[in-house]
Amino acid sequence: PSRCWPVALHWPRGGRALHGGRPHAAALGRCMLALLTLTVCGFQLVAEGDSLNPPARLRVDSSPIPDDVRQATSYAPVVKRVAPSVVNVFTTKMVAVPRNHPFLEDPTWRRFFGLPDDGEEGGRSSRARPQQGLGSGVLVTEDGYILTNNHVVDEADEIKVGLSDGQTEYEARVVGKDPLTDLAVLKVEGTNLPAITIADSNQLEVGDAVLAIGNPRGVGQTVTRGIVSALGRSGFGVTLYEDFIQTDAAINPGNSGGALVDAQGRLVGINTFIFSRSGGSQGIGFATPITLARPVLDAIIQQGKVSRGFLGVELEAEVTADHVKAFELPDDQGALVTKVLEGGAAAAAGIKEGDFITEFNGKRVTARRSLHFQVRQTAPTTKAALKL
């Protein structure tokens, strides 16, 4: 030890000093044991005293967050309610394997690399190998209808759906797909499944809080929070009908088809794609609004496909200041008809070239794109009122 503890040893009464003769054997044994015990104990005390600091004075509060604070600051209650409605979608498709390499024709090389021989499963007679895919989906009915992205399940030969508990898995079939909106509907055979509540995404405003739920990069169900960054985004060429909700909630590969929910846990969008140079989230994600997805969902469930209305007109690409002046228009907010197709609904209604359409079924038409969008969302044979 670094410090010595002085110990005074006294012989028992009747014994003799160590330097003056031989002490009694029993007394000597007891003294040696006492010395050994004190030495060891002293070393232990010194070592602990040198190596340990006094206990830290910590301020500890192990009580749960009060309900009023949690309600004001945490989304945990919302997540607990809505997370079971978001599922993992696992896909498998068979992709062609190139057969033009000379090594693949040599049985020796095939065995060297562990490739099967002719006639064996996966041998040269087999022209495909399985490729795995991963995405997300949203349970929209208790009997197993699931809304997801078309690109998640497109060309898949096998689809499985895993619930958020990490244990329950179903075989899924494709009910219908709509590439024009990049949406698809799946069906699993189940009952009393945790279906999500659907909101009206037209009520969203820029700045509203939203949560993105999905399975990014296969790490497992993940929740990220953000706000609505913008509404009505289009022009990306991702789908024909673009009216995206932009959000800064982190979205990564694997989130496709997952839920974008509002602060009450209601479905407002289907996460579809991200704008990224690196392939990871840069805070610019886009979701298909549920008001656009609802007609697609309903049509696929009822008919197995989507049928869209057709007005029968051609429209000016952009209404400019020159158009406003030449046609004496009130402003540039509308769609200018450049041609009426024979036999179409517009011709039957008496629409003429040069008409300026400003409303469709009571909704304001702001440009060619908005009219095109509204018409395509209207079922065929439906009567619609136009304001010119």
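**Charged pairs and one loop residue: group meeting talk**

Let me begin with Lys187, which is buried, with a relative accessible area of 8%. Before going further, I should say that what we are looking at is a predicted model, and that everything in this talk should be heard with that in mind.

Lys187 forms a salt bridge with Glu189, and the closest N and O atoms of that pair are 3.9 Å apart. The cut-off for a salt bridge is 4 Å, so a pair at that separation is counted. The two partners sit in unlike surroundings, for while Lys187 is buried at 8%, Glu189 has a relative accessibility of 58% and therefore counts as exposed.

In total, the structure holds 7 salt bridges, and I would like to go through two others.

One of them joins Arg308 to Asp178, with the closest N and O atoms 2.5 Å apart. Arg308 is found in the loop between α7 (290-303) and β13 (313-315), whereas Asp178 belongs to strand β5 (residues 169-178), so this pair ties together parts that are 130 residues apart in sequence. Which of these two residues are buried? Both Arg308 and Asp178 are.

The other links Arg266 with Asp262, where the closest N and O atoms are 2.9 Å apart. Here the aspartate, Asp262, counts as buried because its relative accessibility is 8%, under the 20% limit, while Arg266, at 32%, counts as partly exposed.

Turning from paired charges to a patch, I would point you to Asp157, Glu158, Glu169 and Glu171, which together form a negative surface patch. Of these residues, let me pick out Glu158, which lies in strand β4, running over residues 158-162, and which is partly exposed, with a relative accessible area of 35%.

My last stop is Thr358, whose place is in the loop between β15 (356-357) and β16 (359-360). Is Thr358 buried or exposed? With a relative accessibility of 14%, Thr358 counts as buried. As for what surrounds this threonine, once residues up to four places away in sequence are set aside, Thr358 touches Gln333, Lys363, Arg364, Val365, Lys387 and Leu388.

To close, let me return to the pair from the opening, since Glu189 is exposed at 58% and yet forms its salt bridge with Lys187, a residue that is buried; in the pair of Arg308 and Asp178, by contrast, both residues are buried.

Definitions and conventions. Residues are numbered from 1 along each chain as its sequence is written. This is a predicted model: local features need pLDDT of at least 70, side-chain atom pairs count only at pLDDT 80 or more; totals for chains, interfaces and linings use all residues. Side-chain values use heavy atoms; hydrogens and water are left out. A salt bridge is a side-chain nitrogen of Lys or Arg within 4 Å of a carboxyl oxygen of Asp or Glu. Helices (H or I, at least four residues) and strands (E, at least two) are DSSP runs, numbered from the N terminus. Buried means under 20% relative accessible area, exposed over 50%, partly exposed in between (1.4 Å probe, protein chains only). Contact means heavy atoms within 4.5 Å. Patches are made of residues with over 30% relative accessible area and no salt bridge: like charges are joined within 9 Å, nonpolar side chains (Val, Leu, Ile, Met, Phe, Trp, Tyr) within 5 Å. Accessible areas come from the Shrake-Rupley method with a 1.4 Å probe; for residues, only the protein chains shown count as cover. Lys and Arg count as positive and Asp and Glu as negative; His and the chain ends are not counted. The place of a charge is taken as NZ of Lys, CZ of Arg, CG of Asp or CD of Glu.
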